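Thanks for making the time this morning. I would like to take you through one structure, and please have the sequence open beside it as I talk.

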Amino acid sequence: MLEIKLLGRGGQGVVSLSFVLASALFNEGYHTQAFPMYGIERSGSPAMASVRVDKKPIIRYDQVYNPNVFIILDVTLVKEYFEKLKSAGLVIINTKNKPEDFKLPKACVVRTIDATKIAIDATGKPFFNVPMAGAFAGLTKLCKPESLYKAIEEAWSDKGAKVIEANKKSAKVAYDKTLPEKGSLKI
Amino acid sequence: MKRIAEASAVMAEAVKLCEPQVIPLYPITPQTHIMEELANHVNNGELKAKIIRTESEHSMMSTLIGSLLAGSRSFTATSSQGLALAHEVLPIISGLRLPAVIGVAARALAAPLNIWGDHSDVMDARDTGWIQLHCRNTQAVFDTTIQAFAIAEKARLPVMVIMDGYTLSHMFEPADILSKTEVSGYLPKFKIRYQLDTNKPMTFGPVGFTDTYMEFKHQLKDAHEEAAKIISEENKRYGKMFRREYGDGMVEIFNPSAKQVIICQGTTAETAKLTGACVIHVRCFRPFPFSQIEKACRGKDVVVVDRAYSYGAGAPLHMEVKAVVPQARSAVMGLGGRDIRLEDLQMILKSKEKELWVDNYGK
């Protein structure tokens with residue numbers, strides 16, 4: 001089983017991203033689960049969601065504590081969260097900075113991507129959760145861009161073709177910008 | 001067809017396929033997504049139902065009485081303070097023997113204010129004459145919702161379809177969704193024995209004086225005994241048609257040969273399977289499956305997980321189980337959305353405590 005944790009702030013699309021990832025991996029034939037960890041929702045407060053992926057049906061309904069992958073949408077949360085972190089595998093951060101700029105536990109493989117810029121270039125708006133999904137797919141190669149496109153189409157079916165196409169482009173740019181990690185992740 | 005969706009949306013999908021004609025609603029967390037989805041289905045023409053926006057859950061539940069008596073299949077959903085506010089109407093619905101079906105995203109009761117999941121709200125409603133069915137995953141939410149309409153209409157009793165607030169209501173996972181034709185093949189057309197009819201005037205809910213009230217309540221007791229059989233029959237019939245059964249309809253027993261037993265309700269039953277113990281999921285809390293539980297627990301070490309408490313007495317599920325399994329221990333867990341981790345369930349199996357409150361946040 002692979003466990004993914006997503007960290008961002010209310011309004012940044014953390015929960016939507018968890019649904020898109022679970023849906024994309026479901027399209028690849030995996031059993032998946034996505035769930036938010038809600039507080040009393042307020043824009044700007046830390047928000048978290050988790051995704052589980054497995055080859056067999058998932059029968060766990062507790063929270064994810066030791067994720068294999070961490071996706072961080074808001075760089076200002078890195079320090080606060082990682083002080084409490086015991087272990088982590090791949091950490092993907094939305095930032096202009098380089099991986100070596102972050103002082104994280106040695107066990108972490110840190111990868112950075114300027115998802116905000118990619119999103120603004122592709123869609124004109126800072127929908128940076130979508131390129132983060134693209135970056136996840138590019139780094140892990142666990143889902144093909146087509147599976148991700150299908151998930152994007154389903155998630156934003158009410159937003160119209162223009163928005164969907166722009167977001168697919170945004171996901172593809174991030175996918176192409178990221179190189180796969182060597183043998184790091186298995187389900 | 002297998003699809004990935006949020007359990008709340010899956011419940012709304014199941015309701016849509018059962019074609020209710022009236023949906024009174026009032027929003028409350030974490031049930032809101034069920035109503036949002038149903039409103040979407042009505043808005044885009046997939047469901048021809050009348051949505052009635054009410055000013056409170058009390059009015060919402062009262063509206064159900066009117067719509068059911070007028071001969072319309074009806075549905076609504078609520079949680080926590082909403083169910084508590086509607087409480088007064090609950091025994092009226094069961095007393096009138098109306099086949100209401102409601103979804104409950106089970107949540108804690110204030111104070112302190114808490115929006116997260118536990119079973120305080122549904123346990124608070126356990127003595128109101130309603131059938132209470134719990135779901136342990138998204139697939140069960142879909143199947144149980146459809147069965148609930150068949151059960152309610154056959155038993156002439158109202159049914160609560162319960163899912164753990166957030167843990168299940170906000171869980172996005174795959175479920176097999178039946179087609180409209182399949183559901184119509186299972187669920188008979190809505191029929192009610194006595195309904196409002198100007199050509200045949202009748203009085204509903206008159207005063208039950210001291211000479212009749214007790215007889216009405218005796219009939220309700222008998223109806224629940226009959227309902228246990230109907231729940232099992234409907235589970236079997238559904239299983240035959242769609243190859244998905246939930247134990248005998250009343251309880252589900254997993255890994256029955258294990259020496260230790262965890263008895264629980266809702267999603268905890270899924271996580272508990274990973275401990276290797278025998279897991280008894282009490283799918284139906286009212287009517288209560290005493291004999292099945294007694295039989296499955298003979299000579300075993302039993303621990304009952306409750307997500308609610310009857311203050312001054314004990315944990316409600318444990319109290320029922322203890323009546324037939326005197327050696328059963330009690331573990332109170334997951335109040336107000338506290339996570340029920342696999343480690344916690346392993347720990348309660350090892351413990352020898354008669355009553356344990358697992359309030360070990362962050363440990």
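**The core, the interface and one sheet**

Of the 169 residues in the largest nonpolar core, those that touch the most other members are Leu21(A), Ile92(A), Ala133(A), Val159(B) and Ile263(B); such a core is a set of buried Ala, Val, Leu, Ile, Met, Phe, Trp, Tyr and Cys residues joined through C-beta atoms within 7 Å, where buried requires 20 or more other C-beta atoms within 10 Å of the residue's own, with C-beta atoms placed from the backbone. This is a predicted model, in which local features need pLDDT of at least 70 and side-chain atom pairs count only at pLDDT 80 or more, while totals for chains, interfaces and linings use all residues. Residues are numbered from 1 along each chain as its sequence is written, and chains are lettered from A and ligands numbered from 1 in the order in which they are written.

Turning to the interface, 18 residues of chain B are in contact with 17 residues of chain A, contact being C-beta atoms, placed from the backbone, within 7 Å. The elements giving two or more residues to chain B's side are β8 (172-176) and α10 (268-273) of chain B, as DSSP runs of at least four residues (H or I) for helices and at least two (E) for strands, numbered from the N terminus.

Finally, chain B has an open sheet of six strands in the order β9-β11-β10-β13-β14-β15, with mixed pairing, where pairing takes at least two DSSP bridges between two strands. Its edge strands are β9 (251-254) and β15 (355-357) of chain B. Within the sheet, β13 (residues 301-306) and β14 (residues 329-332) of chain B run parallel, joined by four bridges, and Asp306(B) stands opposite Val332(B) in β14(B).

Note on methods: Contact = placed C-beta atoms within 7 Å. Buried ≥ 20, exposed ≤ 12 C-beta atoms within 10 Å, placed from the backbone.
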